[in-house]
Structure formats: structure tokens, C-alpha cells
Amino acid sequence: MDLTSYAEWAVRLANDPAPPPDLMRLRDELAAVFDAAGDDRAVAELLNALLVRYPVRPQLSDHDGHGWHLHLAEDPAATAVMGLAAVVAELGVDRLGRCREPHCGQAFLDTSSNRSRRYCSARCASRANVAAFRARRKNVS
């Protein structure tokens with residue numbers, strides 16, 4: 001079972017400035033996980049606490065002619081937490097990040113093969129590169 005899509009849901013929720021009222025607490029809890037990125041033990045402790053608070057209930061499903069396969073129960077909190085925990089377990093804590101563009105700070109998952117992602121989007125990467133270019137040009141003049 002690929003849980004990356006569930007982890008991406010966790011990222012979207014952590015970045016949501018106005019989640020549904022019933023998901024506000026979870027948004028803040030997920031944001032805290034990304035804020036702790038770089039501290040493996042802190043991330044693990046936060047995710048373990050969330051896994052207890054939002055238990056996952058897997059179910060067998062055979063929808064859309066795909067045969068029997070596992071789905072996580074339709075609890076958005078449990079699926080987001082489980083997806084994020086699975087990514088950390090499979091790929092490592094260093095795959096969680098915050099955008100390094102000074103005016104952004106959005107959470108992201110680094111799914112690149114060389115663990116090189118530093119920005120949440122191509123837009124932020126471009127903005128940071130243009131700013132760095134302009135700063136270099138200004139210093140040369």
C-alpha cells in the first residue's frame with residue numbers, strides 16, 4: 001500500500017490557513033511535526049502521539065474492479081497521520097521540510113531521488129533564485 005498520497009494530504013492540511021473547524025487542531029499538530037524536522041526523535045515522538053490519538057482502521061475494498069486491496073478508513077485525521085508516519089518510516093525524517101524561500105515557510109515532502117528539495121514549489125525556488133541573482137548583481141555594481 002502506497003501511503004504517499006495520504007502523506008501529501010498531511011502536507012496540504014499543515015499548509016491550510018483555514019481548514020474546516022474540526023481539522024484545525026490536526027493542522028496545528030501536523031505543522032508541529034514539520035517544524036520539528038531535523039530532530040528525528042522529536043518527529044517520532046510527535047507522530048507516535050498522533051498515531052495514538054488518531055488510530056487507523058484499515059479495510060478491504062474491491063471497488064472499481066481493482067480486486068481486493070487495503071484502504072484506510074475515511075477518517076481524514078488518521079489517514080494524514082498514518083501517511084506521514086509511513087513516509088518517515090520508509091524514507092526518513094529528512095524527507096520532511098519547510099520551504100526555504102524567506103516569505104513562504106510552507107511544509108513539503110521531499111520525494112526527490114537525491115534528497116535535494118529545498119522549496120515547496122517551483123515558484124518559490126524561482127523566486128529565491130531571482131532574489132539571489134539580484135543580490136549578487138547589486139554587490140558587483
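Reader: What is the volume of the largest pocket, and how do you know that the word "pocket" fits?
Author: The largest pocket holds about 190 Å³ of space. On a 1 Å grid over the protein atoms alone, a pocket is an open set of points where a 1.4 Å probe fits, with protein on both sides within 12 Å along at least five of seven lines. Grid points are joined across faces, edges and corners, and the volume is the space filled by probe spheres set on the points. This is a predicted model, where local features need pLDDT of at least 70 and side-chain atom pairs count only at pLDDT 80 or more, while totals for chains, interfaces and linings use all residues. Residues are numbered from 1 along each chain as its sequence is written, and side-chain values use heavy atoms, with hydrogens and water left out.

Reader: What makes a residue part of the lining, and how many residues line the largest pocket?
Author: A lining residue has an atom within 4 Å of a point of the pocket. For the largest pocket, 13 residues pass, and D94, L96, G97, R100 and R118 lie nearest its centre. Strand β3 (residues 96-98) contributes the most, with three residues; a strand is a DSSP run of E with at least two residues, a helix a run of H or I with at least four, and both are numbered from the N terminus.

Reader: How do the lining residues divide by type?
Author: Eight are charged, four nonpolar and one polar. Asp, Glu, Lys and Arg count as charged; Ala, Val, Leu, Ile, Met, Phe, Trp, Tyr, Cys and Pro as nonpolar; the others, Gly among them, as polar.

Reader: Which pattern do the helices and strands follow along the chain?
Author: The order is α-α-α-β-β-α-β-β-α, with five helices and four strands.

Reader: Now R27 in helix α2 (residues 24-35): is R27 buried or exposed, and why?
Author: Buried means under 20% relative accessible area, exposed over 50%, and partly exposed in between, using a 1.4 Å probe and protein chains only. R27 has 16%, so R27 is buried. Of the 141 residues in the chain, 36% count as buried.

Reader: What does the side chain of R27 reach, and how do you know that this is a polar contact?
Author: The side chain of R27 reaches the backbone oxygen of D16 at 2.8 Å. A polar contact is a pair of N or O atoms within 3.5 Å; within protein, one must be able to donate a hydrogen and the other to accept it, and residues adjacent in sequence count only if both atoms are side-chain atoms. The 2.8 Å between R27 and D16 therefore falls within the cut-off.

Reader: Why is L46 not called buried?
Author: L46, in helix α3, has a relative accessible area of 31%, so L46 is partly exposed. L46 is in contact (heavy atoms within 4.5 Å) with A32, V33 and A36, leaving aside neighbours within four places in sequence.

Reader: And what makes a nonpolar core?
Author: A nonpolar core is a set of buried Ala, Val, Leu, Ile, Met, Phe, Trp, Tyr and Cys residues joined through side-chain atoms within 4.5 Å. The largest one has 27 residues, and L30 and L84 have the most contacts inside it. Helix α4 provides the largest share of this core, eight residues.

Reader: What makes the phi of R115 worth a look?
Author: The phi of R115 is near 55°, a positive value in a residue other than glycine. Most residues other than glycine have a negative phi. R115 lies in the loop between β4 and α5 and, at 34% relative accessibility, counts as partly exposed.
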